[in-house]
Structure formats: structure tokens, C-alpha cells
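Visitor: I have a model open and would like to go through it with you. Could we start broadly and then look at some details?

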Amino acid sequence: MEESLRTYKVVTYGCQMNVHDSERLSGLLEDAGYAKAGQDGDPDLVVFNTCAVRENADNKLYGNLGRLAPAKQQHAGMQIAVGGCLAQKDRDTIVRRAPWVDVVFGTHNIGHLPALLERARVEQQAQVEILESLETFPSTLPTRRESAYAAWVAISVGCNNTCTFCIVPALRGKEEDRRPGDILAEVEALVAEGVVEVTLLGQNVNSYGSDLGDREAFSKLLRACGEVEGLERVRFTSPHPRDFTDDVIAAMAETPNVMHQLHMPMQSGSDTVLKAMRRSYRQDRYLGIIRKVREAMPDAAISTDIIVGFPGETEEDFEQTLHAVREARFTNAFTFQYSKRPGTPAAEMDGQVPKAVVQERYDRLIALQEEISWEENKKQVGRRLEILVAEGEGKKDDRTARLSGRAPDNRLVHFTRPSEPVRPGDMVTVEITYAAPHHLLAEGAPLGVRRTRAGDAWEKRQAVPAAKPAGVMLGLPGIGAPAPLAAAPSNGCGCD
């Protein structure tokens, strides 16, 4: 006898790698017969894909699990699963603190989730399975991608760095690279489905090749993406300054569909702090890369990650960070107050900076970066840009009769709605008339609309409801993924 269709929801915390993993989880569960839950009612399955980077990660997870406990008591057969970096770290602790959780799985075995859920249902007890090494590269798993026009493509997993503030390498393992042919095959398949933008993804994306014995593998991969017909925009995140070589800069400048946009974490401008962080570069090296990028691509938009208040940071160290920010003139910066993570060397370091001092420095950094972001955005006024129309980027679009999307350099642009129909994935040419620190406006009539295969793919998704299985045998589960992140913050994890 068949059950009614079971529904799922995935809640994702953290970096782009987690977002991409959630797409894999969604694909797995839909293959197992689940359907993505709607807005009303409680889903039959809730999956938390967790992050272990921030100090309050545990509190956020256990708070949400606590709020779900009454719902589970009232909803017969409801299941809760916890995966990701915090699950890899805490393991049995999760079930001890929240005994109503059904499954705990780690970063290396997301493909086991449907089976673990079924086992928990049959045995009526929690299943905890944490593997110490990657069993299957995630790209081999089914995927439910939320976007019809843009996609993440993982080129590696894991990290070989030992940054003192970061626990991610211990949870995701050593770097493992995919074969270039497999990556390009996935890119070509995505383009055939209508995707026009891909973001190459790795914990240290430009160290790609270290596992293959080819130091120029990443620049070769960028150039190979330039040969994929129909692929209009290529991005990557996040590179490490240590591995940012001249051949990568040349590939960016010389490959037409590789965007002149770079997110490269600096973390600190102080050589003393960088050494304490075990970051293998210094301020001069970092700013030298920025100069080379701008010499090759004067229009490049560069963003970064910065941690304020790392243990031992003095006022002089912080002034060096402000100096580097002034020199680099970032388009924007993802800034973080240092957060202790148990299990990291930095958590045990002397010289923990008082909270009030960290807050005051953080406020000064934010004020400086806001000023620079605004000045840099004002330089865009008067430029004509082709915008990739996005879905869900402009919270006020319905009220303002505007649409929103991303410029080639990934700046967010709000623009007047064209008179002709426009779909997410289509391209609209506009002239920028106003700049704010975090977005641009094009208030005049659009200069042109280009309908794309990506727009066709989006329209097809809307016209044809997702095929639903006729029903599933007892207990088979399913999970959903969130929309891809619009920007490229790494949460200051230091694995980039």
C-alpha cells in the first residue's frame, strides 16, 4: 500500500559550498520520492545543513531544533535531520541535546541521507553516521537546482590550509580535485539546459590542480570554459592569495566570458596578524595581486573578507587593515568580528581582544568601506551595462515597478521595467543613473532587451509544474535547497 507524497524543507547555513550541497540533498530526496514543501503547514521532513564557522552556530541550530520539537509531537511521522559542518564536528552531541532528531550525517556522506531516514523510521531510533573521508564526489549525486539561469559547479572539495581561526579543513578534509573533463562535461550539460552563468566553486578554488599535479590547471580550466558555446558568464569563488598566479590573471583578462570580478579574502592588513592567522602572504603580496588585476582589467570589481579583533590585534595592526582597505578600494567587503571556534588554535591564543574594542574597530571599518563602496559605485553612473535579470534579488521591485539583476561585475542593479515582457535569465541593457553604496539604479527606459535560452528555461519551469511521483513506498524521504546566494561571502571561514 502506498503512502501520500511526503514533503521536505532544507534550511541552509553558511557558505556557497553548503548551498551547493543542499542542492544535492534536494536532488537525492526528490529522486527518493519527496516533494518540496509549500509555504503552508509543516513539512514531513526538515533538514538542517549546518555551518560551524561562527561562534553562535550551535545556538542557532539548537534554538531552531527546540522550536521544531512541538511541531514534531503534533505531526505524526515527521522527521528531522542535521548535516553539514556542525554535524561533522558535534556528532552524538546533537542527539543528546535534541533527542527528537532522527538523523545526523556529516560532510562526507550526504548521499546516505535517504537510507538513514528510512532506517530511522523502521528502527524508531536516531541514526548517527559520520565518515572521516569523502566517499563519493558530490557532483555524482542528483541535483535540484533552484535557478534556471545560474549554477554552482564544484571543482574541488576540502582544504589543505591550516588557518588558525578556521575549523572547516578539519571537517571537510584535504583537498580533492575533480578531473577537468568531468567539470567541463557538467558545465556543457548545464548550458544545454539553459544555464548562461556558472560559478566555479572550491574551498580554495584557485589551488585547483594541486591534487592533479598541474599548477596551471585552474587558468586552463577558465580558458576551457571560454570555449563552451552558449556560456555567457563565468565566475569563481573563493581564491586564496597564495595561489593567485599571473596565469590566472591572464586567463581572466583574455577569456571573454570570464567576468572581471574577483572575491579574494584578505582577512587582515597586518603582517603580524596574518602570520598569527597562518595566512601565507603579507600585505605587500596581497596589494600586489590587486594592482596586477587592475592593470590587466581596469574595470575589475574586487571584494574581500576581513576579520576584526583577531587575538593579539593591536590598534597599529588594525590601522594596517584600514590602510590596505584604502589602497585596495574594494567594491564591497564582508566584514566579521572575530568569533572563537572550539577546536581551532586561535581559540586558545593569548590576547583575546575585548568585545567593546572589537566593536569600535568594526564600526570604523564599516564606515570606511561604505564610503569607498559608494565612491566606487558612483564611477558607474553613465555607463551602459547588460544586466542578467534575476529572480528575487529586488525586495521592493513590485512596489517600485522595477526589476533587478546583476551587472557583469556582479554589482546589483535595479532598473525600470521594460515595456516588453522580460523573464529571469534574459538580458537587459540599461544606463546607470544613480549609485548607492550597495546597489546601482537605472531609472530611464531600458535601452534593449535580449531574450535568452535561460529565460526560455525559466519560463518552461513556470509553465510546467514539477513532475510529482504518484506516491512512494513507506517512509522514503526528500529534501529542498535554497536559492543560490547572490553575493560571495565566505563567512570569514578562512578556507579561502
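Guide: What follows goes from the whole chain to one sheet and then to a pair of helices, and please keep in mind that this is a predicted model.

Visitor: OK, how many helices and strands does the protein chain have?

Guide: The protein chain has 15 helices and 21 strands, and of its 496 residues, 58% are buried.

Visitor: And what about the surface, how much area is exposed?

Guide: About 20800 Å² of the protein chain is exposed, with carbon and sulfur atoms supplying 50% of that area.

Visitor: What share of the contacts joins residues at least 24 apart?

Guide: If one takes the contacts between residues at least 6 apart in sequence, 76% of them join residues at least 24 apart.

Visitor: Let's switch to the sheet with strand 7. What is the strand order?

Guide: The order is 7-10-11 in an open sheet of 3 strands with parallel pairing. Strand 7 and strand 11 (233–237) each have a single partner strand and stand at the edges, so each has one side without a neighbour in the sheet. From one strand to the next, the twist averages 25°.

Visitor: How many bridges are there between the strands?

Guide: Strand 7 (residues 150–154) pairs with strand 10 (residues 197–201) over 5 bridges, and 5 bridges also join strand 10 to strand 11. Leu-201 in strand 10 stands opposite Ala-154, and Leu-201 also stands opposite Thr-237 in strand 11.

Visitor: Which helix packs on that sheet?

Guide: Helix 7 (residues 180–192) does, touching strand 7 and strand 10, and its direction makes about 170° with that of strand 7.

Visitor: Back to strand 7, then: are its residues buried or exposed?

Guide: In strand 7, 5 of the 5 residues are buried. Ala-150, Trp-152 and Ala-154 point one way, whereas Ala-151 and Val-153 point the other way, and the residues on both sides are buried.

Visitor: New topic: at what angle do helix 11 and helix 12 cross?

Guide: The axes of helix 11 (residues 283–296) and helix 12 (residues 315–328) cross at roughly 10° and come within 10 Å. Since angles under 35 degrees count as roughly parallel, helix 11 is therefore roughly parallel to helix 12.

Visitor: Which residues meet there?

Guide: From helix 11, Gln-283, Leu-287, Ile-290 and Arg-294 take part, and they meet Gln-320, His-323, Ala-324, Glu-327 and Ala-328 in helix 12. By character, the residues of this contact divide into 4 nonpolar, 3 polar and 2 charged.

Key. Residues are numbered from 1 along each chain as its sequence is written. This is a predicted model: local features need pLDDT of at least 70, side-chain atom pairs count only at pLDDT 80 or more; totals for chains, interfaces and linings use all residues. Side-chain values use heavy atoms; hydrogens and water are left out. Helices (H or I, at least four residues) and strands (E, at least two) are DSSP runs, numbered from the N terminus. Buried means under 20% relative accessible area, exposed over 50%, partly exposed in between (1.4 Å probe, protein chains only). Contact means heavy atoms within 4.5 Å. Accessible areas come from the Shrake-Rupley method with a 1.4 Å probe; for residues, only the protein chains shown count as cover. Two strands pair if DSSP finds at least two bridges between them. Axes are lines fitted to C-alpha atoms, for helices over the stretch in contact, and angles run from 0 to 180 degrees between N-to-C directions. Angles under 35 degrees count as roughly parallel, over 145 as roughly antiparallel, 65 to 115 as roughly perpendicular and the rest as oblique. Ala, Val, Leu, Ile, Met, Phe, Trp, Tyr, Cys and Pro count as nonpolar, Asp, Glu, Lys and Arg as charged, and the others, Gly among them, as polar.
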